[in-house]
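Student: I've got a protein chain open and don't know where to begin. Can you walk me through it?
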Amino acid sequence: MRRRTAAVSVLLAAAALAPAAAPAVAAAPAGSAASTARGADRGDLQRALDAVVAEGVPGVVAEVRDGRGVWRGSSGVADLADGRKARPGDRFRAGSVTKSFVATVVLQLVAEGKAGLDDPIGRHLPGLVPDKDGVPVTVRQLLNHTSGLPNYTDTWWDNGPGYLRTVQHGDYTPRGLVEEALKRDTPDKPRTKPGDKWAYSNTNYVVLGMLVEKTTGRTLAQEIDRRIVRPLHLTGTSVPTTSHLSGRHLNGYERLPKETAATDFTDFTPTAFPGPGNLVSTTADLNRFYRALAGGELLPQRLWREMNVLHATDRGPERRYGLGLESNSGYCPGEKPVWGHTGSVPGYNTFSFTTADGKRQITLALGMDLFKGEKADRAALKVLSTALCAK
């Protein structure tokens with residue numbers, strides 16, 4: 001949901017064209033020249049995690065997969081109140097990484113002939129989204145953020161950072177969120193005509209969630225569970241239906257401006273991000289999901305290729321966006337872009353990325369996001385570059 005503009009936030013983003021084959025994760029013999037060349041030093045990874053905590057983030061967890069095998073690490077505390085240590089398997093709110101899951105479900109419906117990428121959304125959800133200058137919004141434009149629909153979370157930001165506490169305990173409906181977004185289409189600031197411009201909008205994925213539910217007759221949570229979570233045996237992944245974050249988890253905090261104590265945003269209404277960012281997961285599960293996606297376990301190749309048709313964004317030349325996937329050439333300058341998605345919701349910042357050759361992969365989750373500061377952002381970038389960059 002972030003609307004932050006710090007320079008490092010431009011760097012901390014997303015994903016590139018991925019290989020058709022699943023990323024390789026076989027381990028080279030420990031200590032061999034090959035293992036050193038094909039994987040990050042584990043001590044460097046731990047020191048990089050510790051540096052994020054040193055910059056004020058309460059707790060961080062990560063899983064790295066590369067030529068040296070699998071490394072799981074953590075630093076800091078999961079709970080500021082009781083001092084419980086963060087552990088690599090802790091669950092967390094994955095934020096906009098949810099978009100990759102929703103996009104996958106939508107593309108599965110396309111594969112089944114139940115929707116078309118270039119269908120006007122009004123064919124499936126009549127009257128929900130009006131045409132703009134006679135041009136309808138399509139399913140593809142919702143997936144790749146070229147629909148022109150305003151971002152409903154911008155209205156929350158307009159009310160100031162403290163309004164996040166109101167959102168935390170709010171009760172929303174998908175239709176109400178879309179209606180809130182459309183109120184931002186005003187004569188002095190009209191929305192963009194569909195297809196004209198890329199602009200990140202959480203509203204797009206609220207509409208896509210509604211499309212899934214209308215098409216299948218089941219909830220978005222049920223479809224993600226049925227189509228992705230259970231087939232891939234993602235034991236720590238769910239779309240919660242209550243505010244409580246169950247199981248062993250990383251708590252999420254924010255230090256709101258002009259306040260010294262951290263506010264706990266761990267428990268959060270499940271109705272605030274229905275499609276854009278309501279997934280709960282683990283580092284291992286997210287790495288497994290993206291490997292399966294690239295490996296052809298979830299989509300036919302033609303739709304995997306569609307997912308990787310990338311658009312320039314307004315977030316710097318390094319970042320491009322496909323159908324629920326990001327690419328970023330800024331993490332490892334001089335190397336091919338990495339691909340995956342970032343996630344940002346109050347209390348949590350998530351990064352899940354794979355190199356273009358599939359040989360290096362990381363999911364990193366932080367227990368603080370919107371107000372953690374530029375130094376913490378740079379420390380997180382160091383974790384990512386340590387894990388992903390060959391040089």
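**Overall build**

Tutor: The protein chain's secondary structure comes to 13 helices and 12 strands. Helices (H or I, at least four residues) and strands (E, at least two) are DSSP runs, numbered from the N terminus. This is a predicted model, where local features need pLDDT of at least 70 and side-chain atom pairs count only at pLDDT 80 or more, while totals for chains, interfaces and linings use all residues. Residues are numbered from 1 along each chain as its sequence is written, and side-chain values use heavy atoms, with hydrogens and water left out.

Student: How compact is the protein chain for 391 residues?

Tutor: It is as compact as a globular protein of that length, because its radius of gyration is 20 Å, close to the 21 Å from the globule rule. The radius is taken over C-alpha atoms, and the rule is 2.2 Å times the number of residues to the power 0.38.

Student: And what does the C-alpha trace span along its principal axes?

Tutor: About 60 × 50 × 35 Å.

Student: How much of the chain is buried?

Tutor: Buried residues make up 59% of the 391. Buried means under 20% relative accessible area, exposed over 50%, and partly exposed in between (1.4 Å probe, protein chains only).

Student: What share of the contacts with a separation of 6 or more joins residues 24 or more positions apart?

Tutor: That share is 74%. A contact means heavy atoms within 4.5 Å.

**Salt bridges**

Student: New topic. How many salt bridges are there in the whole structure?

Tutor: A search finds 26. A salt bridge is a side-chain nitrogen of Lys or Arg within 4 Å of a carboxyl oxygen of Asp or Glu.

Student: Is the pair Asp-369 and Lys-372 buried or exposed?

Tutor: Both partners are buried: Asp-369 has 0% relative accessibility, and Lys-372 has 7%. Their closest N and O atoms are 3.2 Å apart.

Student: What about Asp-225 and Arg-230, how exposed are they?

Tutor: Asp-225 is partly exposed at 29%. Arg-230 is exposed at 51%. Their side chains meet in a salt bridge at 2.9 Å, N to O.

Student: Where do Glu-374 and Arg-378 sit?

Tutor: They are in helix 13 (residues 374-388). Being 4 residues apart there, they are separated by about one helical turn. Their salt bridge is 3.2 Å, N to O. Glu-374 is partly exposed at 38%, and Arg-378 is partly exposed at 44%.

Student: Which residues are linked in a network of salt bridges?

Tutor: Glu-112, Lys-114, Arg-218, Glu-223, Arg-226 and Arg-227.

**Two residues to click on**

Student: Where is Thr-282?

Tutor: Thr-282 lies in the loop between strand 6 (279-281) and helix 11 (283-294). Thr-282 counts as buried, at 8% relative accessibility.

Student: What does Thr-282 touch, leaving out residues up to four places away in sequence?

Tutor: Gly-89, Asp-90, Arg-91, Phe-92, Gly-236 and Thr-237. Try Arg-93 too: Thr-282 and Arg-93 are 189 residues apart in sequence, and their C-alpha atoms are 8.7 Å apart in space.

Student: And Asn-202, which helix is that in?

Tutor: Asn-202 is found in helix 9 (residues 202-216). Asn-202 counts as buried at 1% relative accessibility. Now find Pro-274, which is 72 residues from Asn-202 along the chain. The C-alpha atoms of Asn-202 and Pro-274 are separated by 9.4 Å.
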